[in-house]
Amino acid sequence: MNKGLLIVFSGPSGCGKGTCMEALLAADPEIALSVSATTRAPRPAEIDGVHYHFVTREQFLEGIETGDMLEYAEYNNCFYGTPASAVERQLAEGKVVFLEIEVQGALKVRQKCPEAVMIFLMPPSKEELRRRLEKRSTNTPEDIQRRLKIAEDEMSVAPEYDYIVYNNALEDAVDDIRAIIRAERCRTERQLSDR
Ligand code: 5GP
């Protein structure tokens with residue numbers, strides 16, 4: 001049976017990761033998105049257990065202690081982490097499991113799971129990134145400033161990734177990511193080890 005494929009998907013806040021992810025999930029039932037735990041407050045449209053597992057700082061730290069985090073990181077004064085057991089289960093089912101995570105966590109996954117495929121989504125430009133963050137009315141001006149600063153730092157880590165996809169047009173970016181998945185599934189070592 002196919003063992004599944006682990007994809008690390010990063011890109012600065014506002015670069016369109018969420019929209020790309022929605023399109024990928026809608027187009028292919030084999031693709032699954034890992035639901036992270038976070039101490040950030042939910043945004044108005046976000047649902048607990050769907051977009052994130054919203055937890056307290058104490059609950060998050062407990063998760064780290066019990067070893068149920070594949071990786072975690074602090075971002076913009078909040079904790080974010082990937083529950084390991086759900087990811088392992090989906091991989092065992094043969095799914096293409098996406099971790100939509102920031103760069104510090106991504107580099108930890110690379111160490112723990114060298115077979116993971118790392119994709120970095122780039123915004124068309126810094127000006128466009130600012131525009132998109134400003135359009136997201138749930139972000140305060142201070143939050144936007146902090147996210148833009150973090151975005152600059154994140155983009156400097158892009159060379160560590162296996163692939164860089166520019167999100168100039170959503171459809172093209174989604175096509176590129178699907179092409180990457182398709183090619184990665186054909187990799188010789190994966191074909192031979194899945195037999
Ligand atoms: P947001 O607050 O905009 O939902 O997410 C902020 C950043 O945290 C985004 O770059 C997002 O990809 C990242 N993130 C979400 N979940 C996780 C996680 O489980 N681990 C890590 N390291 N980053 C995450």
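The second largest pocket holds about 320 Å³ of space. A volume here is the space filled by probe spheres set on grid points, which are joined across faces, edges and corners. A pocket is an open set of points on a 1 Å grid over the protein atoms alone, where a 1.4 Å probe fits and protein lies on both sides within 12 Å along at least five of seven lines; lining residues have an atom within 4 Å of a point. This is a predicted model, where local features need pLDDT of at least 70 and side-chain atom pairs count only at pLDDT 80 or more, while totals for chains, interfaces and linings use all residues. Residues are numbered from 1 along each chain as its sequence is written, and side-chain values use heavy atoms, with hydrogens and water left out.

So who lines this second pocket? Its lining has 17 residues, and Gly-4, Leu-5, Glu-115, Ala-116 and Arg-190 lie nearest its centre. Strand E1 (5-10) and helix H8 (188-194) each give two or more residues, with H8 giving the most, four. Helices (H or I, at least four residues) and strands (E, at least two) are DSSP runs numbered from the N terminus.

Now for the largest pocket, with about 1,300 Å³ of space. Its lining counts 42 residues, and Lys-17, Gly-18, Arg-43, Glu-100 and Arg-136 are nearest the centre. Helix H1 (17-27) brings the largest share, six residues; E5, E6, helix H5 (126-135) and helix H6 (141-155) each supply at least two.

The ligand takes up the space of this largest pocket, where "sitting in" a pocket asks for more than half of a molecule's atoms within 2 Å of its grid points. There are 16 residues around the ligand, and Arg-40, Tyr-52, Glu-71, Tyr-80 and Glu-102 come nearest; being near takes a heavy atom within 4 Å. Strands E5 (69-75) and E6 (78-83) each put at least two residues into this shell.

Here is how the three groups of residues divide by class. Ala, Val, Leu, Ile, Met, Phe, Trp, Tyr, Cys and Pro count as nonpolar, Asp, Glu, Lys and Arg as charged, and the others, Gly among them, as polar.

| Group | Nonpolar | Polar | Charged |
|---|---|---|---|
| Second largest pocket lining | six residues | two residues | nine residues |
| Largest pocket lining | 16 residues | 13 residues | 13 residues |
| Shell around the ligand | five residues | four residues | seven residues |

Which side chains reach oxygen atoms of the ligand? Tyr-52 has a polar side-chain atom 2.6 Å from one, Ser-36 has one at 2.7 Å, and Lys-17 has a side-chain N or O atom at 3.0 Å. Taken alone, the ligand exposes 510 Å², and the protein buries 95% of that (Shrake-Rupley method, 1.4 Å probe).

Technical notes:
Polar contact = N/O pair within 3.5 Å; in protein donor to acceptor, adjacent residues only side chain to side chain.
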